[in-house]
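This report covers the ligand site, the internal cavity and two backbone features of the structure shown below.

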Amino acid sequence: MTPARPTPSLQLDAAGRLKHLLTIEGLPREMIVSLLDQAETYARAKTRKFPTLHGRTVCNLFFEASTRTRTTFELAAKRLSADVLNLQVAASSTTKGETLLDTLATLEAMQVDMFVVRHEASGAAHFFAQHAGPGVAILNAGDGRHAHPTQALLDMFTIRRHKQEFAKLSVAIVGDILHSRVARSDVHALSILGCKDVRVVAPTTLIPPGIEAMGAKVFHTLEEGLDGVDVVILLRLQKERMVGAFLPSLGEFHRDFGLTRARMKKLKPDVLVMHPGPINRGVEIEGAIAYGERSMILQQVTHGIACRMAVMTAILGKEKSR
Ligand code: NCD
């Protein structure tokens, strides 16, 4: 498959409404705020079940491993009363284009309304969106190193629940920025929401070219990168995406870039420690602080359900037209 060049406009219809969710890049600020507001409504609701997607079918199509994202998408769809299909597709190196299109056509024949897609190729979700039938929605659940828009939404939701104004925050994203779709989507979301101090902290080998143009400042030491920050977002070293030597050793990475109890003491007392998961204890984070007092890691998981419900509602929660 030749990855489709990501075009943010593909996800909006002529009236500017969300049709697919492929990337955070290019989304209007008001749309992100309204998705977070809708997620807040779901998170606070006394009931867990809503009729919004009754009669609709959502298919989870995961070509890559996932724990949190897949299950919270499933729960989100079920809490909105949709029928849910889960397809665990093992990643394969065969002719991806044909495989993807055949899979899409087959599932569309089952009248699926929405596909939640995770794929190792950057651009895979766009490819699906370009080939999906009319009225069929695509949600990107992570495509290669490119984007993970619902993770960015749940990260913004988590920050917003604890902090006042994005414009006043300093946020540092630490670790394997190069291979991380979460880093890219978070940088876009933070910039759109008005955060003026977005930092990426990593060894030179793990900083992607062009990240500064996206609005992030680059740091190569934790001491400087974490100085005065309100939020630290830690990332896993994505060994499955690494070819060649990016690091001398995991031990050295932990020594220079791992968040430890000792380093926590130098941070603001009300700092938020976040991580999209899965965590690698003793690498990017010391085990003892993973679920410590300042850790938002499990809240992020919980918030993922409400945020994914909000996205599904924005796209499918209207009159059925097909
Ligand atoms: C991330 C992903 O898959 O991009 N995890 C997630 O969705 N919660 C980050 C990772 O795999 O390290």
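## Ligand site

In this predicted model, the residues around the ligand are T69, R118, H148, Q151, R181, V182, R236, Q238, P276, G277 and P278. By class, this shell has three nonpolar, five polar and three charged residues. Domain 1 (8–148 + 302–316) and domain 2 (149–297) each supply at least three residues of the shell.

Several polar contacts can be listed by residue. The side chain of R236 has an N or O atom 2.6 Å from an oxygen atom of the ligand. The side chain of Q151 has an N or O atom 3.4 Å from a nitrogen atom of the ligand. At P276 the contact is with the backbone: a polar backbone atom there is 2.9 Å from a ligand nitrogen atom. On its own the ligand has 320 Å² of accessible area, and the protein covers 94% of that.

## Internal cavity

The structure contains one cavity of 30 Å³ or more. The volume of the largest cavity is about 70 Å³. Its lining consists of R68, T72, Q151, L154, H275, P276, I297, Q300, V301 and R308. The elements that contribute two or more residues to this lining are α2 (68–79), α5 (149–162) and α11 (297–316). Helix α11 gives the largest share, four residues. Sorted by class, the lining has four nonpolar, four polar and two charged residues.

Where does the largest cavity lie with respect to domain 1 and domain 2? Both domain 1 (8–148 + 302–316) and domain 2 (149–297) give residues to the lining, so the cavity lies between them. Q151 and P276 are among the residues that line this cavity, and Q151 and P276 are also among the residues around the ligand.

## Backbone features

The peptide bond that joins G277 and P278 is cis, with omega about -5 degrees. P278 is placed in the loop between β9 (272–274) and α10 (287–290). Both G277 and P278 belong to the residues around the ligand.

A second backbone feature is found at S81. This residue is not a glycine, yet its phi is positive, at about 70 degrees. S81 sits in the loop between α2 and β2 (83–88). Helix α2 is also one of the elements that give two or more residues to the lining of the largest cavity.

Definitions and conventions: Residues numbered from 1 in each chain as written. Predicted model: local features only at pLDDT ≥ 70, side-chain atom pairs only at ≥ 80, totals over all residues. Heavy atoms only, no water. 1 Å grid on protein atoms, 1.4 Å probe; cavity = no way out; pocket = protein on both sides within 12 Å on 5 of 7 lines; lining within 4 Å. Points joined across faces, edges and corners; volume = space filled by probe spheres on them. Nonpolar A, V, L, I, M, F, W, Y, C, P; charged D, E, K, R; others polar. Domains from an automatic or database assignment. Near = heavy atom within 4 Å. Polar contact = N/O pair within 3.5 Å; in protein donor to acceptor, adjacent residues only side chain to side chain. Areas by Shrake-Rupley, 256 points an atom, 1.4 Å probe, with all protein chains shown as cover.
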